[in-house]
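Q: Could you walk me through one part of this model up close? I'd like to hear about the sheet, strand by strand, and how its neighbours line up.

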Amino acid sequence: MTAVSVRMPAVQVPDLRDFTLPELVEWIAGLGEPRYRAGQIFRWLWKRQVDRFEAMTDLPARCRQLLEAQACVSRVAAVAVQSSRDGTRKLLLGLSDGERIEAVLIPEGSRLTACISSQAGCAMGCGFCLTATMNLHRNLRPAEIAGQLVALQSALGPGERVTHIVFMGMGEPLANYAATEKALRILIAKEGLAFSPRRITVSTVGVIPGIRRLARAGLGVNLAVSLVATTDEVRNRLMPINRRYSLRELLQTCREFPLPPRRRMTFEYVLMADVNDTSEDAERLLGLLKGIPCKVNLIPLNEAPEIPFRRPSRQRIEAFQKILQRAGTIATIRESRGQDISAACGMLAVAATPLDTQLSIPYTPQCGVEQLGSSLGS
Ligand code: SF4
């Protein structure tokens, strides 16, 4: 794996969108303000999505002045949007230090799924993923993970509402565990974005300590594991994380993950021709998943010039699915959405994004940032 230096943005004063509600309660009490102010501020930040203290009209003027001096509120800004023929929209988002990430809106019947990022770039080096070619630029802060929802919501049309959230954008969420957990707490807080944890899925390549921490956190969110191979030999080659945590250890950890009643874990399996798509692979997969309440998402590889693998034939994909289904395993073929705009699974990589549509969402400099637009779209 390539060594990278991880920079964090220089925030001079606390960004209130980084705080979970209990953290905000403690912080506000430390300023000598009544604790209930935290709930008022949290609702302004996340429910009403206001990022200017002067607009928080139920706070006394003295408190607003104190906040101006002691804190800031960052905003994830939608800089460009691309729309796919299938209705998928990919947003290029700018962060307060000029870093760029992507998030995707995927409509499907009555569902509108937001696919969000947890890191700018990724260090995991999966051989079938374009994001891996960026390497890791830096971890996202809680404000930047949960803030993607605010940015996505500002790009919705009339009557549209995000119904589901998946952590399947750029980055490995469990490699940025602390920020991911805080963002989840903000997303599900009643005073925050109030999403049901049942509608949130965290996807991992198998960072075992992170899976265990998520289990202990007891948030009730769904877990998806990107499995992709059925032997350590092949998985070591495709996913360097497997050299650290073997398939056996990973599946044991999945078995121990506390699933709420009637809930299933998801296993993602990116199908690549002559790599992991044989009937022996399908049989081995069944053996590996034995005893885990789960469903399998089969994702035919999204080919790209930078990726040295090919998508299997339709016949192969369906034959693989049938073997799983005949054994009673729920297996769906997930045709990736937004392929024409590189928004599909494993295709998010900022450098490869042509900016052909500018959104006119104004960006308000806060948290010490003067110019965002200048580094974007150039
Ligand atoms: S598949 Fe996920 S974890 Fe692997 S390199 Fe791509 S973004 Fe990172």
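A: Here is a walk across the sheet, from one edge to the other, with a short stop at the ligand.

Keep in mind that this is a predicted model. The sheet is an open one of ten strands, in the order β1-β2-β3-β4-β7-β8-β9-β10-β11-β12, and its pairing is mixed. At the edges sit β1 (77–83) and β12, each of which pairs on one side only. Going from strand to neighbouring strand, the average turn is 20°, ignoring direction.

Let's start at the β1 edge. Although β1 pairs on one side only, the strand is mostly covered, with six of its seven residues buried. Its partner is β2: the two run antiparallel and are joined by six bridges. If you want a spot to look for on screen, find Q82, whose bridge partner in β2 is K90. β1 and β2 make a hairpin, with five residues between the strands. In that turn, G87 has a positive phi of about 95°.

Next door, β2 (residues 89–94) pairs with β3 (residues 100–108), again in the antiparallel sense, over six bridges. Here the pair to pick out is L93 and its bridge partner I101 in β3.

Now jump to the other end of the strand order. There, β10 (residues 265–271) and β11 (residues 294–300) are parallel, with seven bridges between them. F267 is matched with V296 in β11 as its bridge partner. To get between these parallel strands, follow helix α10 (residues 279–289): β10, α10 and β11 together form a right-handed β-α-β unit. From β11 the chain then goes through helix α11 (residues 314–326) to β12, in another β-α-β crossover that is right-handed. β11 and β12 (residues 330–333) pair in the parallel sense too, over four bridges. Look for L298 here, which stands opposite I333 in β12. That brings you to β12, the other edge strand.

While you're clicking through side chains, remember that in a regular strand they alternate between the two faces of the sheet.

One last stop is the ligand. It has eleven residues around it, and those that come nearest are C122, M124, C126, C129 and A132. Sorted by class, the shell around the ligand has seven nonpolar residues, three polar and one charged.

Key
Residues numbered from 1 in each chain as written. Predicted model: local features only at pLDDT ≥ 70, side-chain atom pairs only at ≥ 80, totals over all residues. Near = placed C-beta within 6 Å. Nonpolar A, V, L, I, M, F, W, Y, C, P; charged D, E, K, R; others polar. Pairing = 2+ DSSP bridges. Right-handed = clockwise from strand over helix to strand, strands pointing away. Axes fitted to C-alpha atoms, helices over the stretch in contact; angles between N-to-C directions. Buried ≥ 20, exposed ≤ 12 C-beta atoms within 10 Å, placed from the backbone.
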